[in-house]
Every structure is written in structure tokens, then in C-alpha cells.
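Here are some quick notes to read alongside the model. Take them one point at a time and keep the picture open.

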Amino acid sequence: MIEKQKNRRWRGASYFIALTLMIPVLVMLYAGINASNELFIHLWQTVLPDYIANTLILGVFVVLLSVIFGVISAAVIVHTNVVGKNALRWLLMLPLAMPAYLVAYLYTDMFDYAGPVQRALRAWFSWQSPSDYWFFDIRTLGGASVVIALVLFPYVYMLARTAFEQQDQNLLRASRLLGLSAKQSFYKVALPLARPAIAIAASLVLMETLADFATVQYFAVNTLTTAIYDTWLGYNDLASANALASILMLFILFAVVSEQRARAGQTYQSERPNKNHQLIKLTMIQQLFASGFCWLLVIAGFILPFILLLFMAWQYSNIAQLQALLPTGINSIKIAVWAASLTTFFALLLVLFQRLSHDRWRALPMNISGFGYAIPGTVLAMAMLATFAPIDHAINDVAKYFSLPTPGLVLSGSIFAIIFAYVVRFAAIANGTIDSGIKQIPKSIDYAPASLGVGLFTMLRKIHLPLLKSSIFVAWLLVFVEAMKELPAVLLLRPFNFETLSTQVYQLISDEMLEQGALGAILIVLLGLLPIIWLNRAKTGNGEEEV
Amino acid sequence: MKKRNSNQLEIKKLCVSLQGNDILSEVNLSLASGDILGLVGPSGCGKSTLLNTIAGFINQSHGELIVGVLGVGEHDDGELLIITPEHNVAPEHRNIGMIFQDYALFPHLTVEQNIIFGINKLSKRVQQSRLKNLMHLLKLTNLEARFPHQLSGGQQQRVAIARALAPQPKLLLLDEPFSNIDARLRNELMLEMRQLLKNLNISAIFVTHNKDEVFTFADKIAVMHQGHILQSGCPAAVCQQPNNWQVADFLQLGSWLPVKQISSTQFQSALGKINISKEGKRDTALQQLLLKPQYIELSQLSGSAQGKVNVRVDNISVTEQGYHYLLSSLVVDELAFDQLSFYSNELFSLGQTLMLVIKEHKFVMFIPTTIQAAG
């Protein structure tokens, strides 16, 4: 436990970190709210209604599709004897590693007029022109919804699956004895009980959808994120971009609140749940449909795009491309290492403060700093610009006043802003990982060293840090991977001529030349697989019986 | 496959194997209408498996289950459902009620919704009248709108009982129903529940590993061990005349005293010679005599010059029946024992030596692990 003086210092440091991380977002919101009325009226009269409508429709479609994909696949895996369930169980998580914009690009390539699918159909049926047949257009709001849902549904799948697996099977048994068939029991008991978990997952999907930038931009669907990007980079209008980002922030706030409410609803848990699942035996036809549905999701969300990428890499890769990968790779690694190290260090400080301090509100700094996970990269980028651009201007003005050489945009125009944005966005990941690690250490361990005459820092060095080693490593790795993949914040904040792996791949996609960056894209996907492997590590061994 | 029968449940040569292991072997059991059967045995003996097989959650590999399907309509009184490995019946069609150890109340439904869960196909009028009756019977009035987590343990158990009774099953299964209840409340609830089942003429099987619960709650007892039923009958008869060493041992009917036959009517023990009234076959093997505390007394000669001490006090505790002593023998040969239970109102000290004698009674003795009674 911390003595008074050390506690005061630690508290100071904790609140300082937490508030510093939050200040840019507050500055942006302040600027957004104080934006002139004319500006809002102008936006409202021109583009805003369309942007908001598109954003909302996209959100609703993606959430609906993800819930349908995720809940059905989770139910099939947990409650039936579907063939190949051991493989499908983790394969269904893989689409999470696939950035939606890559799928968007690859599927457009495949399904548009000049793509292999339509070419084959025309050859097969001897059609001559587009007027001879109907084919869906993937570059629409609907297409974007399907593509985004294909890579986000694993959130729903994972949370619903865990909820189904953790349910006390005696509840289902009780409902059977009260006259319900196995299927009726699922609809009337298992599904309603999993509702809070599904709601949490739906809120997460909504947050990710609202944050998506590259997919909608590629499909030319105008949403709030693309509007922010265009307003700032296209028209250099910081005030309008701030206002749009503030509006998007309100939507995000709605998603966060609904997530918190859903979490509060998760109160049911038996003390000793019976985990012996009684599997619904599927008929031949049902087997076909159930496994077909799951495999379709895995193939469409991961296997097919990944094969297409490998194929591209095989066909077009050469030494020059590999060499071009090197500097951008180094850039990516540089900012990811900085972001991961800082985020993990701050998380450690905040988690240990929460654990060891006597303060009543000791969890507050950690909770405040975790708020950034919900904020889209585009909004964070605007927050950095709103906060640091004026400071940069002030620095330059002062330099000019003293006739010194002007340093330029040292804060808003350097990798400082990118790393700052990353730390804000990924703090929650590191906090959560280290916090769950420290919860494994019994509280009595905190008291034992003092009873043996050992001081606070010796205790941390000799006891807590060694015990937390693996959590710290995992936290670092998860943030590193997320930072390597992040796109919209870097796009808005990167210094001139500064490319990372993701911006390079995105640039090539925009120029319809992904072939040139297929290797980079594969690397991004492989990095995305790391957290999934980590998530999959604690595969629960449940008893199952067939009925 | 329906025919007439007077029993509510009949189990014939029932076998269950799970993942290649035989969990139940050749179990035979019958339960008359309105009877309460207590199923006891050590952990892992197959009690819960038997209950789950009757309920239909586990399929039998051999044997027959004959279940009464009385209830839903009065017209089918006396008709029975025969369940075999070839002719399985889903749990929802067996008309069996069950109360789970943790009650398994649906946490997302109110008390009222929980209770009418199994009867929602009946008319609203019937639903409401049954609900009202059960709420009254189980003293749950005014709790309709509460959720399970807002109830005390005892109230939760009452809701579970009401829910199980709502479809009016004629057979109720109870899986350690009292294990989560505070010890002081337990006896009261057991008596209440027994009265309720008797009033409604519901047959019940309940599983427990607590022998005291059986004696309070059951009309009939069945002792299980390693997938077999060792003995079944009324509790008093089983206590008086356990047919097996494991039965007596599990029910803790007394202490074990090693004895050796020295003539056709006499046995030697560390507490002296024992005379049996009936002549039996002579067996030289060491046997164990089941010795209940009430059959041991302090010798008149204890403390006198002629008295020869034979036990030493190893442990003393205070109980409502006086001081409880654990004694060990002074001899150290094959007839030696320890942990012999003895009650007395007189206070002795630790390490004190005493002279005990065995009263005349109907002796029960076994050669451990085999079944043999002598009297």
C-alpha cells in the first residue's frame, strides 16, 4: 500500500496523464460547439442531411447484418452438432483481421463490369452489354454495409458465443421439462439471456462502423468521416471539419451509452453453472445449411480476400516492391513502437494506482483515459489539429517576434500528433489487459511485502512487475498491432511525404493499383491475426452431450 | 406403447454409459404413487446421472423406464409411457417436474412469468387460477413482479417449486434441493415441502449426500454405490438391518469394531467376548461389528479393583446428547480400533482409561466389502 506522500505524487501523475489524453477532444468539442451559426446553417443547407442519413443508414444496416451473421453462427457452433465445428469455432473470428477497405477493393475488382465474375457470366450466357442483364452494384451504400458487416460480425459472434457457452444449462433443462422443445428453449431462454452480450457487441460494431473511413471513401459513399476528411484536406476548412467531427462524436456518445447500459444489464450468472451442453442434432439438410452458412461467412470475410491478395502478390511482386516496403515499414514500426511503449507505460501507472491507492476515486484516472477507444481516428485527428495547430502557430509567432528561424508545425505536423492520437485511442486496450492481469494477483500479496519490511518500489520491482510480465507484453503487442493497422488518423496527421504501411496500401487502392502493394496488405492482415490468436488462446473445453 | 400399471415409476435393468464408462449398471427401482424416495450415496456414485436419465437429459444404453403420464388431462389416468433405448421420449413429453440444486430460475423473467412458463399453452383463466393457487400455497403472494435476484434463497426455492408444480406433474425430481439453504431453515422447509407433496399426492425422487435429509424427508431410501443400488427400502429398516458394509458406512450408522469368531456362538473383541444367540457357520476371517453408541455402556466394574480397563479417551466434544467421546482400544493386536463413538453425561478427561462393555442386541457384522449379516 502507498504511503501518503507517494500517494499524492502518484495521484497527481495519474490525473495528469488521464486529463492530458482527454484535453484535445474537449478542445475540439469546444471549438465545434462554438462554431458560428452560419457555418452550421450552411452545412445543413448543403451536405449535412445527406451525410447524417448515410451515416445512420450505414450504421443500422451493418449492425443488423452483423447481428444476423454473428448470432446465427454462434448459435450453430454452441448449440448444434454441426460438422467441422472445432475448426469453424476459431475460423469465424478470422474476418476481424481483414481491413474492410481491402475486402471492398478486392470484391469490386472481382464483381464489377470488367471483373472475372461478370466476364464469365457474359461469356456463358452470350450477353453483349450491361443492358442484357442485371447484376448488383457493390459500390453502393448496401455494398459497403455488406462488406463492413463481413469483417465486423465476429464481434457479435465472439460475444454471443461466449454468452451461450457460459449460460447455465440447467436453465435450458428446466425449460425442456416445462414442455419446450430444444429449439423453443433456445428462442425463449438462451437468446433472451444472451441479449445484453449481443447489445454490447452491436454497440462495438456501431462504433467501428461510424469510425470507418477508407471503405466508404473507396465506395464514394458520403458519410460524416469522409466529410471531415474532404472538408479539411479538400477545402482546408478547420472550423467546419471540427463541427462535423463534433456531430460524429455525439453519435459515438450514443453508441458508448448504449454499450454501458447493455453491460449494466449483464447481471445474470449462476454461481456454479452446469456447462454440459445438450446439442441439437441436425438433419442432413440442416447440416448442409448450417455449415454452408458458417463456411460462407469465413470464405467471404477472410479466405477469399486473402487468397486474392496472395494471388496478386504472387503475380506482381518483385524485388523493387519489397524494397519500397522497407522505408514505409520502418515508419510504421517506429510510430507503433512509440505508441505501444507509451500506452503500456501509462496503463501500468494508472492500473497500479487503482490497485494500490487508498483513494475513493482511485479508478477514475484509468476510466477517464480509457474513453478514447470509442473515438474514430478521423475525429481524433481533428482533435489533435484543433489543439496543437494554434500552439504551433503561437510558437512560430514567438520565433518570428524574436527574429529566430521558425520551427514549423512541430506538434501538429509531426509524428508527435500521430503518436498522441494513438495513445488516446488505444489506452483502453492496454488498461484492460494489464487490469485483468493484476486482478489475477491476490490482494493479500500487496500486504505481504510490507509485513516483511519491504518498501513500495522494491515490492513493485520484485513482486508485481514480474507477475504482470506477460500481461504487459500482451498489452504492448495488442497496441503495437492496432497502431500498425490504423489508417484514418495517420492520413490526416502525417507529415508531408511520410508514408506508413496502411497509408501506402490505401493510396494504392485509391489509385486502383493494389497489385503494387499486395505484400504490404498481406503484412497488415497477418499482423491483424496476432490479437485473434491471443483471443483464441483460452479456448474453453466445454462438456457436450448429444440429445 | 402404453399399458396399465400401478406404480408411478418403474426402472428395470437400467444401464447408462457415457464416453465408454459404465455409470449406471442394471439399476432396478420402483416408486408407488405419492411416495418420496431419497437417493443417497457418495459423490460420483451415479445419483445425478440416474435423475438426469429419468428426466430424459441422458439416454440409457439398456433397460426400461416406465413413467406415469398422468396429469395434463384427467382422462389418461393410469396410462404409462415406456421408454427404451429404441423408443426414446424427449424430456418435454415425459411430464416430469424437476427442481435443480441452484433452482435454475429464469433470471430475465419475473416470478409470475417463471411460474406460468410451463403452462402458457393453457387458457389465461386456467393459468391465472393455478398461479393464484400456487402463490398462495407457497406463500409467495405479492412477489409476482419481482425478479429472481430480488428474492431470498428460501423464496427462490419456493418459486422453483411453484414453477415445477404448475404443469401438475405426477413425478417430481429434486437434485439436492436443500443444499443451498441455511442449516436452521432447512429442516423447516423439508417438513413443509414433504407436507405439500403428500397433500398433492405427487411422487418424488430426491438426490442428496446428506443422510439426515433422507430420514426427515423420504418414505423410502435407496443407497447407491458405483452405479449400483446397494439397498432400498424404508429408512428405519435400512438403518436396522443394512445389507452391506458400504450402506452402513455411508449412513454412518455406528462405529466399526473388529471381531473374530472363537466358537460357533462366541466372538472375541477388544471390549471382551460377545455371545450371539443363533449358531452360525464358523468363519475365521476378521469381521467388523457395527456398533451403535447406544449399545455401549460403562462397566459396573469400571474404576473398581476387579475392573480391567480396555479403552482410552482420545477426543472429547460437547453435544446435545451429552459428552461425545472418541475412544481407542488399549490392545494393539488385530482387534485394535480407534475412533469408537461413545456418549455419556459423565465428564472424563483426555487420556483417561475406562472399561466399556457391549449391551446385548441384534448384532450386525460384515466381512468388509462382502455382504453378510449375522444375528
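1. First, a word you'll need: "contact" here means heavy atoms within 4.5 Å. With that in hand, 23 residues of chain A are in contact with 24 residues of chain B. Keep in mind that this is a predicted model.

2. How much area do chain A and chain B bury between them? It's about 2,200 Å², with 60% of it on carbon and sulfur atoms. On the chain A side, R176(A), L177(A) and L178(A) lose the most area to chain B, and together they make up 31% of what that side buries.

3. R176(A) turns up again: its side chain meets that of E92(B) in a salt bridge, at 2.7 Å from N to O. The count across this interface is one salt bridge, and three residue pairs are in polar contact, both partners at pLDDT 80 or more.

4. Which elements of chain A give two or more residues to this side? They are α8 (169-177) and α9 (182-211), and α8(A) gives the most, with seven residues. By type, the side of chain A that touches chain B has 11 nonpolar, six polar and six charged residues.

5. Now look inside chain A, which is divided into domain 1 (1-34 + 318-500) and domain 2 (47-316). The contact takes 22 residues from domain 1 and 25 from domain 2. Their centres, taken over C-alpha atoms, are 30 Å apart.

6. The two domains of chain A bury about 2,000 Å² between them, and carbon and sulfur atoms give 74% of that. The rule finds zero salt bridges across this interface. On the domain 1 side, the residues divide into 17 nonpolar, four polar and one charged.

Note on methods
Residues numbered from 1 in each chain as written. Chains lettered and ligands numbered in written order. Predicted model: local features only at pLDDT ≥ 70, side-chain atom pairs only at ≥ 80, totals over all residues. Heavy atoms only, no water. Domains from an automatic or database assignment. Buried area = accessible area lost by both parts, 1.4 Å probe. Salt bridge = Lys/Arg side-chain N within 4 Å of Asp/Glu carboxyl O. Nonpolar A, V, L, I, M, F, W, Y, C, P; charged D, E, K, R; others polar. Polar contact = N/O pair within 3.5 Å; in protein donor to acceptor, adjacent residues only side chain to side chain. Helix = DSSP H or I, 4+ residues; strand = E, 2+ residues; numbered from the N terminus.
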